[in-house]
Structures are given as structure tokens and as C-alpha cells.
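These are my notebook entries on one protein structure. I record what I looked up, entry by entry.

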Amino acid sequence: MYVIVGLGNPGDKYQKTRHNVGFDVIDLLAEKYQIAVTDRKHKALIGKGRVAGQAAVLMKPQTFMNLSGESVADLLNYYKLDPEEDLIVISDDVTLDPGTTRIRRKGSAGGHNGLKNIIAHTHTDGFKRIKIGVGRLPAGEDMVAHVLGRFSPEDRRLVELSYERAIAAIECMVQDDIEQAMNLYNGKVEI
């Protein structure tokens, strides 16, 4: 079974912000595979079903971004799953341009507090992840204001195209082909 986690912040005021791209991908994946992500368990909204033929739990932690690891570790422990084998995390990345996806088998938090907290609670940085580019921090702008801000219409279009790539990458990854996912879906969308 795979645990597919989209990172974000709960509440209407955070919808469609840069920090909530993980939630957006989970919503689209849930719609595609008709999985209701409505059960409140493990400090999260979760839904169980099948993604690309594989058993999966879709998860949107409700702890706020910086405490996402509490929720993720609780669910992994409940199902006795190995984060290095069974976990896929989708997050925003302020070092990547909108429309860019970066798939990795493992890695550091790269300054992302949600990933940092997951690493702390799972005791590994060896989990699969998909980073969605949300645009670089403009000079002199506050990081919190940037990640909690919304996209321009042009950037929103690019980001939504990257969601499609993220879903295709997840489908490869749950079929144990992360190499193919990296080869096909790393990079920027072409329009």
C-alpha cells in the first residue's frame, strides 16, 4: 500500500495558495480515481482506494504545514508501512519556476518546513517526493507572504499543467518505476 501525501494548510483562506499545491494534486488524483478524501483520522483528511491499480491512501494533513510529519508518521505507524518504500510526498518548491516538476527518490528538506518535519518524524529523508515549482521569492519579499500568496493567472495555468505531470508521475511511482517517472516528468511543461 502507498501513502500519497499532499502538503498544504487547512482552511478556505489557504486554498489555491502556493503552499497548497500538494492539496491541489491530491484533490485531482482523488477525483480521477473516485476516492473520497473525507475521513478524519491521523490528524488528516484521508481516503482509501486504488491508484493505477495499486492500493493507496491519499492524505491531506490538517496539522498545518510545519507539523505535517506528526500526521504522516502516525498513519505510517498505524499501517506499519516503511516510509522509504511506501510514501510519496507532494510539496511546493520556491526554487523552481511555475510549471516545473522535480521527482526525487530521497533528499534533504531544502528549507521546506513541511518536508523537514516529515523527515524528523519518520527518521529518514529516503522517501519519494514530487516538488511542484511555485516561483522564486522576489528580492526583498517575505517568504511567508510569498508561499501564502496566490498565483498570477499565467503562473496558475503553468502550475495546473504541472499537476497533470505530477499525477502521471505518481502513477509511474506506484507501479515501482520511479526511474521512468523521473525520466518522463522531471522538468518544465512545454506550452
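**Entry 1: His112.** I located His112 in the loop between β6 and α4. The model I am reading is a predicted one. I asked whether His112 is buried or exposed. His112 has a relative accessibility of 10%, and because buried means under 20%, His112 counts as buried. I then listed the contacts of His112, leaving out residues up to four places away in sequence: Leu7, His19, Met65, Ser91 and Asp92.

**Entry 2: the largest pocket.** His112 appeared again when I turned to the largest pocket, since the residues nearest the centre of this pocket are His19, Gly111, His112, Asn113 and Met143. The lining has 20 residues, and the pocket volume is about 400 Å³. I looked up which elements give two or more residues to this lining, and found β5, α4 (113–122) and α5 (143–147). By class, I noted eight nonpolar, nine polar and three charged residues in the lining.

**Entry 3: the second largest pocket.** I found a volume of about 200 Å³ for the second largest pocket. It is lined by 14 residues, and Gly11, Gln15, Asn20, Phe23 and Lys60 are the closest to its centre. Which element gives the most to this lining? I found that helix α1 does, with three residues. The classes here are three nonpolar, five polar and six charged.

**Entry 4: Asp27.** I stayed with helix α1, in which Asp27 is found. Asp27 has 36% relative accessibility and is therefore counted as partly exposed, the class between under 20% and over 50%. The side chain of Asp27 makes a polar contact, at 2.8 Å, with the side chain of Lys60. Lys60 is also one of the residues closest to the centre of the second largest pocket. I also looked up the separation of Asp27 and Met59: they are 32 residues apart in sequence, and their C-alpha atoms are 9.8 Å apart in space.

**Entry 5: the nonpolar cores.** Next I examined the largest nonpolar core, which has 35 residues. Which members touch the most other members? I recorded Ile4, Val51, Leu58, Ile130, Ile132 and Ile170. Several elements supply at least two residues each, among them β1 (2–6), α1 (21–32), β3 (44–51) and β4 (54–61). Helix α6 gives the largest share, nine residues. I followed Leu58 further: beyond four places in sequence, Leu58 touches residues including Ile4, Ile26, Leu29, Ile35, Val37 and Val51. There is also a second, separate core of 19 residues, which includes Val5, Leu87, Val89 and Ile119.

**Entry 6: Ser162.** I returned to helix α6, where Ser162 is placed. Ser162 counts as buried because its relative accessibility is 0%. The side chain of Ser162 reaches the backbone oxygen of Val159 at 2.6 Å. Apart from neighbours within four places in sequence, Ser162 is in contact with Gly99, Thr100, Thr101, Ile132 and Val189. I checked Gln54 for comparison: Gln54 and Ser162 are 108 residues apart along the chain, and their C-alpha atoms are separated by 23 Å.

**Entry 7: Thr100.** Thr100 is one of the contacts of Ser162, and I therefore looked it up next; its relative accessibility of 11% makes it count as buried. Thr100 lies in strand β6 (residues 100–104). A polar atom of the Thr100 side chain lies 3.0 Å from the backbone oxygen of Asp97. Leaving aside neighbours within four places in sequence, I listed Lys131, Ile132, Gly133, Ser162, Gly187 and Lys188 as contacts of Thr100. Ile132 is also among the members of the largest core that touch the most other members.

**Entry 8: two positive phi values.** Lastly, I looked up two residues with positive phi that are not glycine. His42 has a phi of about 60° and is found in the loop between β2 (39–41) and β3. Phi of Lys80 is near 55°, and Lys80 lies in the loop between α2 (68–79) and α3 (83–86). Is each residue buried or exposed? His42 is buried because its relative accessible area is 13%. Lys80 has 73% relative accessibility and therefore counts as exposed.

Technical notes
Residues numbered from 1 in each chain as written. Predicted model: local features only at pLDDT ≥ 70, side-chain atom pairs only at ≥ 80, totals over all residues. Heavy atoms only, no water. Core = buried A, V, L, I, M, F, W, Y, C linked by side-chain atoms within 4.5 Å. Buried < 20%, exposed > 50% of the residue type's maximum accessible area, 1.4 Å probe, protein only. Helix = DSSP H or I, 4+ residues; strand = E, 2+ residues; numbered from the N terminus. Contact = heavy atoms within 4.5 Å. Polar contact = N/O pair within 3.5 Å; in protein donor to acceptor, adjacent residues only side chain to side chain. 1 Å grid on protein atoms, 1.4 Å probe; cavity = no way out; pocket = protein on both sides within 12 Å on 5 of 7 lines; lining within 4 Å. Points joined across faces, edges and corners; volume = space filled by probe spheres on them. Nonpolar A, V, L, I, M, F, W, Y, C, P; charged D, E, K, R; others polar.
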